[in-house]
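Me: I'm new to this structure and would love a close look at a single part of it. Could you pick one helix and walk me through how the chain around it is put together?

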Amino acid sequence: MTKAMLIDVTRCIGCRGCQVACKSWNDLPASATTFSETGSNPRYLDCNTFTRVLFRETTTAAGEFKLVFVKRQCMHCREPACASACPVGALAKTPEGPVVYDEARCIGCRYCMLACPFQIPKYEWGSLAPRVRKCDFCADRQAEGLKPACASTCPTGALLFGERDELIEEAHRRIAAKPAAYVPSVYGETIAGGTSMLYLSPVPFDSIGLDRGGMPTDLGDQPLTRRSHGWMSGVPLVAATVGSLAVGLYYLNQRRHRVLESEAKEA
């Protein structure tokens with residue numbers, strides 16, 4: 001069964017314990033505290049920050065002011081565009097849910113960074129031996145039967161780890177039990193073919209940054225890998241055709257040169 005995480009925005013208090021736990025488990029250096037219009041700390045995901053919590057000042061449909069905290073990390077898509085774009089298989093979706101990275105295979109092409117609709121993979125630009133870096137959903141902890149570090153640290157239950165199908169059912173149960181407390185949909189259930197990170201929110205997703213900074217709400221339900229399949233499937237034929245034309249033109253050009261040389265000698 002595929003694992004997932006339900007992120008209930010209504011329960012997040014912005015303590016950022018998940019950020020600290022993530023850095024601790026992955027042995028990542030600390031980031032400087034910054035203040036920006038998004039209120040994020042650190043300001044954005046980077047090669048040393050796999051998860052972060054941002055806050056949004058927004059209002060409900062009834063006009064009530066609301067301060068909302070939102071956790072951000074790799075979405076671990078069910079059909080990840082990053083893995084589909086990688087020419088050497090350095091990124092792969094495991095049956096358990098995580099999208100993992102094998103640095104030994106990576107050639108540094110960074111196609112994954114271009115392909116990801118959520119702008120998640122980051123590059124170690126300052127390293128002499130750079131790698132692509134991102135959250136791996138604590139695949140090593142999951143292999144030992146443990147929860148991801150962030151979920152095991154959350155003090156309010158805002159992060160619920162479990163089977164994806166069960167979490168979707170739980171999300172809809174919460175919506176049905178308190179319809180006034182939630183937007184009547186689960187972000188990640190179907191968007192871009194579905195993700196392993198699922199969101200419940202008290203305000204529209206587009207008001208808390210899930211349509212900006214690489215987390216769009218207009219991706220549709222079809223996996224991005226299927227959108228590109230028609231084009232990518234034609235690449236071998238195009239390559240073979242272009243190669244054949246190039247070889248044909250080469251031989252025609254060589255034949256022309258031989259004819260010209262022969263005519264020159266006869267003259």
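Reply: Here is a close look at one helix, followed by some spots elsewhere in the chain.

Please keep in mind that this is a predicted model. To set the scene, the protein has eight helices and nine strands. Of its 267 residues, 42% are buried. Among contacts with a separation of 6 or more, 58% are between residues 24 or more positions apart.

The part to look at is helix α6, which covers residues 164–177. Helix α6 has 14 residues and spans 20 Å from its first C-alpha to its last, close to the 20 Å expected at 1.5 Å a residue. Its buried residues are Arg164, Leu167, Ile168, Ala171, Arg174 and Ile175. Looking down the axis of α6, you find these buried residues within an arc of 120°, so they line one face of the helix. A general rule helps here: an α-helix has 3.6 residues a turn, so residues three or four places apart point the same way.

What lies over that buried side? The cover for the buried residues of α6 includes β1 (3–8), β8 (159–163) and β9. Turn to the face pointing away from the buried side, and you meet the exposed residues Glu166, Ala176 and Ala177.

Helix α6 also holds a salt bridge, between glutamate 170 and arginine 173, whose closest N and O atoms are 2.9 Å apart. The two are three residues apart in α6, so about one helical turn separates them. Glutamate 170 counts as partly exposed because its relative accessibility is 21%, and arginine 173 counts as partly exposed at 47%. The story goes on from there: salt bridges that share partners join Asp8, Arg11, Glu170, Arg173 and Arg174 into one network. One member of this network, Arg174, is among the buried residues of α6.

Now step to the two strands β1 and β8, both part of the cover over α6. The structure holds nine salt bridges, and one of them joins glutamate 163 to lysine 3, with the closest N and O atoms 2.8 Å apart. This pair links distant parts of the chain, since glutamate 163 sits in strand β8 and lysine 3 in strand β1, 160 residues apart. Glutamate 163 has a relative accessibility of 16%, so it counts as buried. Lysine 3, at 24%, counts as partly exposed.

Strand β9, another part of the cover over α6, leads us to proline 202. This proline lies in the loop between β9 (197–200) and α7 (224–233). Proline 202 counts as buried because its relative accessibility is 15%. Leaving out residues up to four places away in sequence, proline 202 touches Val9, Thr10, Lys66, Val68, Ala181, Tyr182 and Val183. There is also a proline at position 179, 23 residues away along the chain, and the C-alpha atoms of proline 202 and proline 179 are 9.5 Å apart.

Lysine 71 is worth a visit too. Its place is in strand β3, residues 65–72. Lysine 71 is buried yet has no salt bridge, and the nearest side chain of opposite charge, aspartate 136, is 11 Å away. What does the lysine 71 side chain have instead? One polar contact, of 3.0 Å, joins it to the side chain of threonine 51, and another, of 2.7 Å, joins it to the side chain of glutamine 73. Setting aside neighbours within four places in sequence, lysine 71 is in contact with residues including Ile7, Cys18, Leu159 and Tyr199.

Glutamine 73 takes us to our last stop, because isoleucine 120 touches Gln73 along with Leu45, Arg72, Cys74, Arg133 and Lys134, not counting residues up to four places away in sequence. Isoleucine 120 is found in the loop between α3 (111–115) and β6 (122–123). With a relative accessibility of 4%, isoleucine 120 counts as buried. Isoleucine 120 and arginine 133 are 13 residues apart in sequence and 8.7 Å apart in space, C-alpha to C-alpha. Arginine 133 in turn forms a salt bridge with glutamate 124, the closest N and O atoms being 3.7 Å apart. Both partners count as buried: arginine 133 at 17% relative accessibility and glutamate 124 at 11%.

Definitions and conventions. Residues numbered from 1 in each chain as written. Predicted model: local features only at pLDDT ≥ 70, side-chain atom pairs only at ≥ 80, totals over all residues. Heavy atoms only, no water. Helix = DSSP H or I, 4+ residues; strand = E, 2+ residues; numbered from the N terminus. Buried < 20%, exposed > 50% of the residue type's maximum accessible area, 1.4 Å probe, protein only. Lys, Arg positive; Asp, Glu negative; His and termini not counted. Salt bridge = Lys/Arg side-chain N within 4 Å of Asp/Glu carboxyl O. Polar contact = N/O pair within 3.5 Å; in protein donor to acceptor, adjacent residues only side chain to side chain. Contact = heavy atoms within 4.5 Å. Expected span 1.5 Å × (residues − 1). Arc of directions from axis to C-beta.
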